[in-house]
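I opened a fresh notebook page for this structure. The entries below follow the order in which I looked things up.

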Amino acid sequence: MVIQGSETSVSCVLNENCILPCQSKRRIIYIEWKHESSRIVGYDHRGSSYSESFRSRASLFEDQISRGNVSLLLRGVKVYDEGRYWCSAITIDTYYEYDVVLTVEVSAAPVSDIRIHQDGNRITCSSEGIYPQPELTWSTEPPSNTALQNRITVHQTEEKLYDISSSLTGPDADSNVTYSCSIRTHWDLINRRDLRRGTLAKPGQQM
């Protein structure tokens, strides 16, 4: 028989360690953690057995299992660690299986650096290693009366982070105009973070 535990949401910080909580009030004879359909670890009286993909990244608090703490430590959290986790514990007194379902969300990797440069009549703005997917906008000083013609490229890396780049070409790359680009994510809006901005100054102007 399976006893369903409560579902819990856990927020983890990108590249930091994160504890996924799970507790049992009964004496435990077997524990198993899963991420989606993948097994992370199993534990019984012989000790723990980790899957190869989690062997160096996850660990139980084995010295606390006898006190009911069957939480899992996940090291160096990545974007692909998001999703649903199952903590299952079989107890000796009832042989019930106790399931706890956790939904893990990874916090943002904010915009940390914006590069902007000019090559001939092309002005390029870019940034890397952002999460979630960012947006990029251009502005000018003085303001332009026409829409700036630009092409935006977004690439997702193997670690599920985003690189973004945009270029202005042709007459828009006017040496008498100061060009700025801003990059933000919806996480910035929710948390009211200031926009990160890069500016290409006019010749002789110091920024």
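**Entry 1: the chain as a whole**

I started with burial and found that 42% of the 207 residues in the protein chain are buried. I note here that the model is a predicted one. Next I looked up the secondary structure, and the protein chain has one helix and 16 strands. I then checked the contacts between residues at least 6 apart in sequence, and 57% of them join residues at least 24 apart. For the surface I wrote down an accessible area of about 12,100 Å². Carbon and sulfur atoms hold 45% of that surface.

**Entry 2: the nonpolar cores**

I asked which residues have the most contacts inside the largest nonpolar core. They are Leu-20, Trp-33, Ile-40, Leu-60 and Leu-72, in a core of 31 residues. I also looked up the strands that supply at least two residues each to this core, and they include β1 (2–12), β3 (28–35), β4 (38–44), β8 (83–91) and β9 (97–106). The short runs β2 (18–20), β6 (58–60) and β7 (72–74) are also among them. Apart from this core lies another one, of 16 residues. Ile-114, Ile-164, Val-177 and Tyr-179 are among its members.

I picked Leu-60 for a closer look. Setting aside neighbours within four places in sequence, I found Leu-60 in contact with Trp-33, Val-41, Tyr-43, Tyr-50, Ile-65, Val-70, Ser-71 and Leu-72.

**Entry 3: two serines**

Ser-71 was on the contact list of Leu-60, and I followed it up. Ser-71 sits in the loop between β6 and β7. Is Ser-71 buried or exposed? Its relative accessible area is 4%, which means that Ser-71 is buried, the cut-off being under 20%. The side chain of Ser-71 has a polar contact with the side chain of Asn-69, at 2.8 Å. A polar atom of the Ser-71 side chain also lies 3.1 Å from the backbone nitrogen of Cys-22. Not counting residues up to four places away in sequence, Ser-71 touches Ile-19, Leu-20, Pro-21, Cys-22, Gln-23, Trp-33, Ser-59, Leu-60 and Phe-61.

I then looked up Ser-9, which has its place in strand β1. Ser-9 has a relative accessible area of 61%, so it counts as exposed, the cut-off being over 50%. From Ser-9 to Gly-83 I noted 10.0 Å in space, C-alpha to C-alpha, and 74 residues in sequence.

**Entry 4: the disulfides**

I reminded myself that a disulfide is a covalent bond between the sulfur atoms of two cysteines. How many disulfides does a search of the whole structure find? The search gives three. With bonded cysteines counted along the chain, their pattern is 1-2, 3-4, 5-6.

One disulfide joins Cys-12 to Cys-18, with 2.1 Å from S to S. The torsion about this S-S bond of Cys-12 and Cys-18 is about -65°, so I entered the disulfide as left-handed. Cys-12 and Cys-18 are both buried.

Another joins Cys-22 and Cys-87, whose sulfur atoms are 2.0 Å apart. The link of Cys-22 and Cys-87 is left-handed, with -80° about the S-S bond. Cys-22 is in the loop between β2 and β3 and Cys-87 is in strand β8, so this pair ties together parts 65 residues apart in sequence. Cys-22 is buried at 2% relative accessibility, and Cys-87 is buried at 0%.

Cys-125 and Cys-181 are also joined by a disulfide, with 1.7 Å from S to S. Here the torsion about the S-S bond is about 50°, so the disulfide of Cys-125 and Cys-181 is right-handed. Cys-125 belongs to strand β11 and Cys-181 to strand β15 (residues 178–184), so the pair ties together parts that are 56 residues apart in sequence. Cys-125 is buried, with a relative accessible area of 0%, and Cys-181 is buried at 0%.

**Entry 5: an aromatic pair**

Last, I looked for paired rings, and the count came to one aromatic pair. The rings of Tyr-131 and Tyr-162 have centres 6.5 Å apart and planes at 20°, so the pair is stacked, the cut-off being under 30 degrees. Tyr-131 is in the loop between β11 (122–130) and β12 (135–141). Tyr-162 is in strand β14 (residues 162–168), and the pair links distant parts of the chain, 31 residues apart. I checked burial here too, and both Tyr-131 and Tyr-162 are buried.

Conventions
Residues numbered from 1 in each chain as written. Predicted model: local features only at pLDDT ≥ 70, side-chain atom pairs only at ≥ 80, totals over all residues. Heavy atoms only, no water. Core = buried A, V, L, I, M, F, W, Y, C linked by side-chain atoms within 4.5 Å. Buried < 20%, exposed > 50% of the residue type's maximum accessible area, 1.4 Å probe, protein only. Helix = DSSP H or I, 4+ residues; strand = E, 2+ residues; numbered from the N terminus. Contact = heavy atoms within 4.5 Å. Polar contact = N/O pair within 3.5 Å; in protein donor to acceptor, adjacent residues only side chain to side chain. Phe/Tyr/Trp six-rings, centres within 6.5 Å; stacked < 30°, edge-to-face > 60°. Areas by Shrake-Rupley, 256 points an atom, 1.4 Å probe, with all protein chains shown as cover. Disulfide = S-S within 2.5 Å.
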